[in-house]
Structures are given as C-alpha cells and as structure tokens.
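Grab your viewer and work through a few exercises on the model below. Try each task before you read its solution.

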Amino acid sequence: MKIKLSAPTEKSLKKTIQITGSKSETNRLLLIQALFPNIQIENPSNSDDARVMQKGLQTGSGVVDIHHAGTAMRFLTAYFASQEGKNVTLTGSHRMQERPIAVLVEALRTLGADIAYEKNEGYPPLKISGKKLIKSKVSLPANISSQYISALLLVAPSLERGLELELIGKITSVPYLKMTLALLNQIGVETRFEENQIKVNPIQKVKETTLVVESDWSSASYFYSIAALCEVGTQIQLSSYKKDSLQGDSVLKEIYEDFGVETIFSGTSMTLKKTKDSPLSEVNYNLSNAPDIAQTLAITCLGLGMGCHLTGLHTLPIKETDRLAALQTELSKLGANVSIDDESLTLEPASKPKPNVSIDTYNDHRMAMAFAPLAIKVNLLINEAEVVSKSYPDFWKDLKTLGFEIKEV
Ligand SMILES: O=C(O)C1=C[C@@H](OP(=O)(O)O)[C@@H](O)[C@H](O)C1
Ligand SMILES: C=C(OP(=O)(O)O)C(=O)O
C-alpha cells in the first residue's frame, strides 16, 4: 500500500491518542508468563511482534516463524533451548535470516544447549532441541545487541542454579537490560547488575501477579516529532504513560525540550505541548541507550531546518534494515545533506525539504512512522505503509485522528 500524506488543516492541534503497550515489555512478559503461568498481563502490545511471540510460545514442535521480530527471535531461541522435549526450527523473514545470532547461540551452547544452524552459520533459521540447561555461568559480548543478554536473563530464573553472566566489551542498549531485570524483580526474582556482571537467582514459584504494561515510548516518539513540527500551542495527549518508565526511549521527554516540546504528566496520561520554537540550529545526541528513536530525531531536525549529529548508532545496521544507509538514502531524496559512518549520522542544517517525494520503507516500520510527521511541512508519499504493524498497527488511524489526510494512491 502506497499512501499520500498531507498535513492537518488545523496548525495548532489539540487531540488525545491511546497507545497500546510497549512491545519490549510485552514480549518479555509473555516469555515470563510461559515459564510462570500465574502471571496476568494487562495492556499488552497489539503489534505483529507480540502476536508472533505469543504464537511461538504456544508451539512445541515444527516450524516457528517469527517474521521480522528481533526480540521474538532472540527470546524464543533461549526459551526453546531451555525447554526439555521441545523440538523446533525457529525462522523468520528474509531480513531476519541476515540478522546475526551467533553471540546468543554460542552462550546457550556453553550452558549446554543443542542448537544447529539450518542455513548460514551464525544466522537463523535455527534447529533447536530443547534440553535442561545445567551450567550457570557464561561470558558473552555485550556490544552487538542487548537482546541476546535479555534472552538469557529471561530464562535464567527457571534454570536450576540461575545464571551468572560476564559481559564483554562496551554494553549497548543498557536500559533494555534494566527493563528485563526490573520485570523479573516485579515477580519476585532476585537479580544483581554490577559493572559487567549480572546475576539472576532461580525461583521455584511465583505468586499470582497482574502486571500492567506501560504504553510504548518508541511509538510516542512520532507524536513528539509531530508536536515539534507543529505551531506553538499544539497539545497532544497520550496515554497510558508514567514519569518513571522502564523504557529507555522515555528520554524523549528531555530530548524534545530542545525542540520546544514540554511533557506534562497528569495521572496516567501525558501532554506533549509545543511551548516555543527552538532557538537551536544544531543538536548532538548519543543514542546508544535509545537506538530506536534515531530515525524520529533525524526527521524532526530535517523538518525544522536544524542540523544534527547522532552517535552511538552502531546497532542500527543490523536492525529491520540497515537504518543508517536507509536514512541517508531517503533523507537525500528530500534534498538533505547527510553523512554516515558505522556508528553516526550527521545532517546539515537545510531549508525546506522537496515536496512529493516517495519514501521507501525497507520493511522497517520505523522508516514509515519516522518520516510521516514531515507531512506537516511538505506533502510526501510513503511506500509499503502497512509495515507499521510490526510495532504499531493503529498508526495511520491515529494520524487520521490528528487530522492528517491519508490517501491510498
Ligand atoms: O530488548 C528489546 O526489547 C530491544 C532492544 C533494542 O535492541 P538492541 O539491543 O539490539 O539495540 C531495541 O533496538 C529493540 O527495538 C528492542
Ligand atoms: C529494532 C527493533 O525491533 P527488533 O530488533 O525487535 O526487530 C525496533 O522495533 O525498532
């Protein structure tokens, strides 16, 4: 589906949007629930990634296809490897078969797992014969993806002796590790994270607990971008959010102050309020703790005519697409001057982007959603707009609520 996007006619928006649960929290809790069934989950994500995770957890044999879902791929690898009697082939989309998984497979093998590569060494699909994992200590690189570590941590309380991890190298996406540990703590699991060591104690029984998933902050990023690109006076109310979030992308509330957007909490909702135009012409952020908002920020800057230097982006080349390359290509089509290296992106300050450009999305939900707010400044087209369902199926419906005009072309 190709769509043409035009700005809301109202330049100063005042609207309310309900966003569903964080996909990161949901996929963790689904795995925890499979191991400890007396856990209830409220406000789960309605994303494709959560759907494939749930379906995967209900399968005991045969082929499990998790499509594009990185967390499902990594978390289910650890889950199936540690479940005696389960025998599956875990696979995913063409792109998933290019996303590396050797770090996790090696760590699980050290713990005693039986995992074989079905096609290419180091990549899905994986043939997994579930076994009782006996060992409890392993070292693994921490600079490629935190998802490998979270996967191990999530199964850790179900192992006989728990788990002790030694993390090698600079730890990336740290808030996601802390989220994993915090959710384990919420069901009574004892954990310790000091420097490069993480320890998780085993637990036999978990008491009946209902866990409420906070709404998704990565999804909220697109509304921050819209607020920043709209006129002073714009107010967008989002729910259900907390001031003290487990999600690293909640750093948005500080970052978007640089673009004149304030975040005001009231109960479980927050209002993004454009209070002033930004006095800045350039911004610098290290996003190694919040890699999923890189695309949003680059496009906000483009729309405001600002420059940016984004660093800590070393994980972007192995996400749904090579996000650094995709950003450079699509921003350039709009007339921007962009340079990239293997961990950063620099955008030169520029005047108004070119109108009526068709943005390619590369099977990456965040390419579609990050570029959409730019319609406030210039009409644009989005190719394969349905990709948003990976994390946010209601995205286009919610943009319509804000008054965006969306036409299938
Ligand atoms: O654990 C998680 O839920 C995630 C961790 C991050 O991945 P990396 O650790 O690979 O950067 C993030 O980009 C991804 O969207 C979700
Ligand atoms: C990187 C992402 O997801 P995953 O790695 O889970 O596919 C994302 O949602 O931006």
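**Exercise 1: ligand 2**

Ligand 2 sits in the largest cavity. Here a cavity is a set of points on a 1 Å grid over the protein atoms alone where a 1.4 Å probe fits but cannot get out, and a molecule sits in one if more than half of its atoms lie within 2 Å of its grid points. This is a predicted model, where local features need pLDDT of at least 70 and side-chain atom pairs count only at pLDDT 80 or more, while totals for chains, interfaces and linings use all residues. Residues are numbered from 1 along each chain as its sequence is written, chains are lettered from A and ligands numbered from 1 in the order in which they are written, and side-chain values use heavy atoms, with hydrogens and water left out.

*Task.* Find which residues come nearest to ligand 2, then work out its polar contacts and its cover.

*Solution.*

1. Start with the shell, meaning residues with a heavy atom within 4 Å. Of the 14 residues around ligand 2, the nearest are Lys23, Gly70, Arg99, Arg366 and Lys390.
2. Next, look for polar contacts (N or O pairs within 3.5 Å). The side chain of Lys23 puts an N or O atom 2.8 Å from an oxygen atom of ligand 2. For Arg323, a side-chain N or O atom is 2.9 Å from a ligand 2 oxygen, and for Thr71 a polar backbone atom is 3.0 Å from one.
3. Now the cover, using Shrake-Rupley areas with a 1.4 Å probe. On its own, ligand 2 has 300 Å² of accessible area, and the protein covers 99% of that.
4. Sort the shell by type, with Asp, Glu, Lys and Arg as charged, Ala, Val, Leu, Ile, Met, Phe, Trp, Tyr, Cys and Pro as nonpolar, and the others, Gly among them, as polar. You get eight charged, five polar and one nonpolar.
5. Finally, check the domains, whose bounds come from an automatic or database assignment. Domain 1 (3-21 + 215-408) and domain 2 (23-212) each give at least three residues to the shell around ligand 2.

**Exercise 2: ligand 1**

*Task.* Which residues surround ligand 1, and how much of its area does the protein bury?

*Solution.*

1. List the shell: Ser24, Arg28, Thr71, Ser145, Ser146, Gln147, Ser173, Tyr176, Pro291, Asp292, Thr315 and Lys319 surround ligand 1.
2. Go through the polar contacts. Oxygen atoms of ligand 1 pair with polar side-chain atoms of Asp292 at 2.5 Å, Ser24 at 2.6 Å and Arg28 at 2.7 Å.
3. Check the area: ligand 1 exposes 390 Å² when taken alone, and the protein buries 96% of it.
4. See which elements contribute, taking helices (H or I, at least four residues) and strands (E, at least two) as DSSP runs numbered from the N terminus. Helix 1 (23-35) and helix 5 (146-155) are the elements giving two or more residues to the shell around ligand 1.
5. Count by type: the shell around ligand 1 has seven polar, three charged and two nonpolar residues.

**Exercise 3: backbone oddities**

*Task.* Where is Ser173 found, and which residues does a cis peptide bond join?

*Solution.*

1. Recall the baseline: most residues other than glycine have a negative phi, and most peptide bonds are trans.
2. Ser173 isn't a glycine, yet its phi is positive, about 50°. Ser173 lies in the loop between strand 9 (163-168) and helix 6 (174-186), and is one of the residues around ligand 1.
3. Pro124 and Pro125 are joined by a cis peptide bond, with omega about 0°. Pro125 is in the loop between strand 6 (114-117) and strand 7 (126-129).
4. The bond from Ser239 to Ser240 is cis too, with omega near 0°.

Note on methods:
A polar contact is a pair of N or O atoms within 3.5 Å; within protein, one must be able to donate a hydrogen and the other to accept it, and residues adjacent in sequence count only if both atoms are side-chain atoms. On a 1 Å grid over the protein atoms alone, a cavity is a set of points where a 1.4 Å probe fits but cannot get out, and a pocket is an open set with protein on both sides within 12 Å along at least five of seven lines; lining residues have an atom within 4 Å of a point.
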